[in-house]
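Student: I would like to take a close look at one part of this model and follow it outward to its surroundings. Please go slowly and keep the pieces connected.

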Amino acid sequence: MTTTYEQSTNAIIQLDNIQKYFPVTKGLILRHLVGEVKAVDGVSFQIREGETYGLVGESGCGKTTTAKMVLQVEMPTSGQIRFNGKDIADFDADDRKLYRSSVQAVFQDPWSSLNPRLKVGSIILEPLLANQTMSKHEARENLERLLNDVGLHSYQADYYPHEFSGGQRQRIAIARALSLQPKVIVLDEPVSALDVSIRAQIMNLLKDLQKRYGVSYLLIAHNLATVRYMSHQVGVMYLGKLVEEAPTRELFTNPMHPYTKALITASLPSHPDIQREELVLSGEVPSPLNPPSGCSFHPRCPFVLDRCSREEPVLGELAPGHKVSCHLY
């Protein structure tokens with residue numbers, strides 16, 4: 001069972017019971033369907049205007065697939081994605097063009113996401129010139145503004161990507177994403193490929209730009225410290241499902257789902273003197289091709305009940321804004 005949202009007055013993007021199943025076939029000539037990989041299985045959340053929604057979970061839990069559906073790189077098997085209250089499945093050509101301009105992305109590896117044969121100025125202005133008509137003077141003004149906004153100099157527009165450090169290349173990628181003044185930017189592990197000394201600079205830059213532009217972020221990350229620092233709301237995914245969702249401070253001070261507790265105890269504390277209960281998970285993540293019956297987390301849960309293997313828990317609200325999918329509650 002899944003939870004759907006009432007349309008919030010300040011929700012820019014809303015996902016309702018989104019599913020993405022990938023067919024698995026067998027045979028070279030006479031191919032036949034043998035199953036489905038349930039990459040995303042009934043996920044619902046909303047991204048509010050000017051806020052950051054963080055998605056966390058182990059590799060393969062469906063975070064990136066969810067982001068791809070928001071970016072329209074993948075289409076949902078079922079469910080709705082609404083932009084400003086309108087289902088994107090009902091978009092006409094003009095609506096789709098507006099949506100692609102309004103939802104941009106910054107990827108994990110800034111080197112592979114930049115064309116090495118183009119100068120930085122061309123890379124940043126390419127989406128802008130493809131969607132708007134402007135003079136060379138206007139283009140140059142926009143370019144200088146974007147470079148200054150991300151902490152680079154205007155003369156660096158004539159450099160190639162290989163002439164920059166990793167942190168500078170990520171600033172270029174952010175400037176490109178901002179060129180169309182989007183409503184939402186999908187941040188897929190935006191600092192994980194950078195040196196530790198540079199990560200805080202990029203995170204602070206993203207937060208400053210959010211205040212300046214009023215842009216919303218969908219943050220995909222493994223590092224809980226990054227999510228805690230940048231996010232207003234956090235969703236925890238496990239095996240394609242959302243198992244807990246809460247405001248950031250509430251989630252990290254009062255985690256309820258055993259999986260969330262395990263993730264937090266496995267991360268480094270914010271201070272070395274902090275003492276935390278150790279919660280170690282046994283076994284491996286089950287295959288999304290053949291997920292367990294009932295609660296998908298029950299084979300690894302240290303607090304498993306008899307009903308967990310038979311009944312799938314519902315994502316229900318236990319406190320204002322705090323939802324959890326667990327039979328313990």
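Student: In what order do the strands of the open sheet of eight strands lie, and is the pairing mixed or not?

Tutor: Keep in mind throughout that this is a predicted model. The eight strands of this open sheet follow the order E6-E7-E8-E3-E9-E10-E12-E11, and their pairing is mixed. At the edges are strand E6 (103–106) and strand E11, each of which pairs on one side only. On average, and with direction ignored, neighbouring strands of the sheet are turned by 25 degrees against each other.

Within that order, strand E3 (residues 52–56) and strand E9 (residues 233–238) pair in the parallel sense, joined over four bridges; one point at which to see this is Gly 54, whose bridge partner in E9 is Val 234. Helix H1 packs on this sheet, where H1 touches E3, E6, strand E7 (184–188), strand E8 (216–220) and E9, and the direction of H1 makes about 150 degrees with that of E8. Helix H2 (residues 93–102) also packs on the sheet, touching E6 and E7, with its direction at about 35 degrees to that of E6.

H1 leads on to another sheet, an open one in which four strands take the order E2-E1-E4-E5 with antiparallel pairing. Its edge strands are strand E2 (32–48) and strand E5 (86–87), each pairing on one side only. Here helix H1 (residues 63–70) packs against strand E1 (11–26), E2 and E4, and its direction makes about 115 degrees with that of E1. H1 is therefore in contact with strands of the four-stranded sheet and with strands of the eight-stranded sheet, if contact is taken as heavy atoms within 4.5 Å.

In the four-stranded sheet, E1 and E2 run antiparallel and are joined by 13 bridges, and Lys 26 has His 32 as its bridge partner in E2. The hairpin of these two strands has five residues between them, and Gly 27 takes a positive phi near 100 degrees there. Strand E4 (residues 78–83) pairs with E5 in the antiparallel sense over two bridges, with Phe 83 standing opposite Lys 86 in E5.

Turning to the helices, H3 (residues 120–131) has Val 120, Gly 121, Ile 123, Ile 124, Leu 125, Pro 127 and Leu 128 buried, and the cover over these buried residues includes H4 and H5. Helix H4 also holds Asp 149, which counts as buried because its relative accessible area is 14%, under the 20% cut-off. Leaving aside residues up to four places away in sequence, Asp 149 touches Leu 205, Leu 209, Arg 212 and Tyr 213.

Another aspartate makes a useful contrast. Asp 158 is found in the loop between helix H4 (136–149) and helix H5 (166–178), and it counts as partly exposed because its relative accessibility is 44%. The C-alpha atom of Asp 158 is separated by 24 Å from that of Gln 108, which is 50 residues away along the chain.

Finally, to return to the eight-stranded sheet at its E11 edge, the loop between helix H9 (258–266) and strand E11 (316–319) contains Phe 303. Phe 303 counts as partly exposed because its relative accessibility is 33%. Together with Leu 305, Leu 318, Leu 328 and Tyr 329, Phe 303 forms a nonpolar patch on the surface, whose combined accessible area is about 420 Å².

Notes. Residues are numbered from 1 along each chain as its sequence is written. This is a predicted model: local features need pLDDT of at least 70, side-chain atom pairs count only at pLDDT 80 or more; totals for chains, interfaces and linings use all residues. Side-chain values use heavy atoms; hydrogens and water are left out. Patches are made of residues with over 30% relative accessible area and no salt bridge: like charges are joined within 9 Å, nonpolar side chains (Val, Leu, Ile, Met, Phe, Trp, Tyr) within 5 Å. Accessible areas come from the Shrake-Rupley method with a 1.4 Å probe; for residues, only the protein chains shown count as cover. A salt bridge is a side-chain nitrogen of Lys or Arg within 4 Å of a carboxyl oxygen of Asp or Glu. Buried means under 20% relative accessible area, exposed over 50%, partly exposed in between (1.4 Å probe, protein chains only). Two strands pair if DSSP finds at least two bridges between them. Axes are lines fitted to C-alpha atoms, for helices over the stretch in contact, and angles run from 0 to 180 degrees between N-to-C directions.
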